[in-house]
Amino acid sequence: MIDRHLPAPRVRWRGDLSVAKIAQLAGVSQPTVSKVLNGRAGVGESTRRRVEDLLREHGYRRPAGMPATAGLEVLFSGMLSYIAVAVMGGIEDVAAARDLTVGFTDIKRRAAAGQSWIEPLLLRRPVGVVAAFAGFTAEHLELLDGNGIPVVTLDPIGDLYPTPSVGSNNWSGALAATRHLLGLGHQRIGVITGPVKDLAARARLDGFRAGLDAADVPFDEQLRRSGVLTFEDGRDLGLELLRRADPPTAVVCGNDLQALGVYEAARIAGLRIPGDLSVVGFDDIEHCNWAGPPLTTVHQPFAEMGAAAARLVLDLAAGERPGQSRIELSTALVVRGSTAPPPTS
């Protein structure tokens, strides 16, 4: 639980002139001087040298422990390693091109160990923060904003508007998956979603329903299940669907882990994939190719999402206003061996 009244850690500088006077002498704004003081990006090299010369001349020194080179901070919350590596790769490509370092914090792991993460992050004073699929709250945003640290969220689970965010087009991805199954001849299609509070899960369910509506196929609420995005929930909720008197011939899942759980449900129920049941996942993690048969799924461009988030947060750090508060990248259906026409009666 974050204490809303936690004092925001700030670097204490010493000098014989105020920051305002330094800015006046350098012919720049006070925020520009602040960026130079804190080693942040968004200042031209000649301007930075001019300000640094004045700061040194008037007694300003970087406190011990203050990092000489600022970087980006990435927040995760129990993310799958494959997805985290892809996101980090995209962010690092952008950061490296601007001579910035990249650090990361796993919020879930620190919380499990009873450790705080927000205070150490504030003390590190990163150029910006990318909150990747994290349990990020408005209180966290308030603390970071109060310290002048811009934030971009990556597919936030809740509404953090107007904080800029980057994600994929979840609605279109689910629509493509549903159309694929309908095109194979399926009419009874089950759906297992993520938590109902999750914005991405809602968008995927809406895309699924839109696909049915466009094909004049009624949405059967009895074939819908919601759970967490785990193998275990996919297995358990899949068994609920498959043990019905009128089970679905295909299932669209909230992510690939749920889909692999449905594979296990089909095995327990004595059904063959795709002969008796077609399955579609979402994400396209590397495990999809290792399943038997390989899983048809919706590909999310995680590396590109990370890169887009990094560029956006660095633009914010440079004082630029984003043209849009939400960037959505395209998804793509990857057809493999887990989908086929429904079994004939």
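Let's start with the chain as a whole: it has 345 residues, and 48% of them count as buried. Keep in mind as you look around that this is a predicted model. The secondary structure adds up to twelve helices and twelve strands. How much of the contact pattern links residues 24 or more positions apart? Taking the contacts with a separation of 6 or more, such pairs make up 72%.

For a first landmark, find strand 1, which covers residues 71–76, and strand 2, which covers residues 101–106. The two pair in the parallel sense, with six bridges between them. If you'd like a spot to zoom in on, look at L72, which stands opposite V102 in strand 2. To get from strand 1 to strand 2, the chain passes through helix 4 (residues 81–97), and this β-α-β crossover is right-handed.

Now for the empty space. Searching the whole structure turns up one cavity of 30 Å³ or more. The largest cavity holds about 110 Å³ of space. Its lining is made of 15 residues, and those closest to the centre are T193, A201, R204, C253 and G254. Which elements give two or more residues to that lining? They are strand 6 (189–193), helix 9 (199–214) and strand 8 (250–253). Helix 9 gives the most, with four residues.

What sort of residues surround this space? The lining of the largest cavity divides into ten nonpolar residues, three polar ones and two charged ones.

How values were computed. Residues are numbered from 1 along each chain as its sequence is written. This is a predicted model: local features need pLDDT of at least 70, side-chain atom pairs count only at pLDDT 80 or more; totals for chains, interfaces and linings use all residues. Side-chain values use heavy atoms; hydrogens and water are left out. On a 1 Å grid over the protein atoms alone, a cavity is a set of points where a 1.4 Å probe fits but cannot get out, and a pocket is an open set with protein on both sides within 12 Å along at least five of seven lines; lining residues have an atom within 4 Å of a point. Grid points are joined across faces, edges and corners, and a volume is the space filled by probe spheres set on the points. Ala, Val, Leu, Ile, Met, Phe, Trp, Tyr, Cys and Pro count as nonpolar, Asp, Glu, Lys and Arg as charged, and the others, Gly among them, as polar. Two strands pair if DSSP finds at least two bridges between them. A crossover is right-handed if, with the strands pointing away from the viewer, the path from the first strand over the helix to the second runs clockwise. Buried means under 20% relative accessible area, exposed over 50%, partly exposed in between (1.4 Å probe, protein chains only). Contact means heavy atoms within 4.5 Å.
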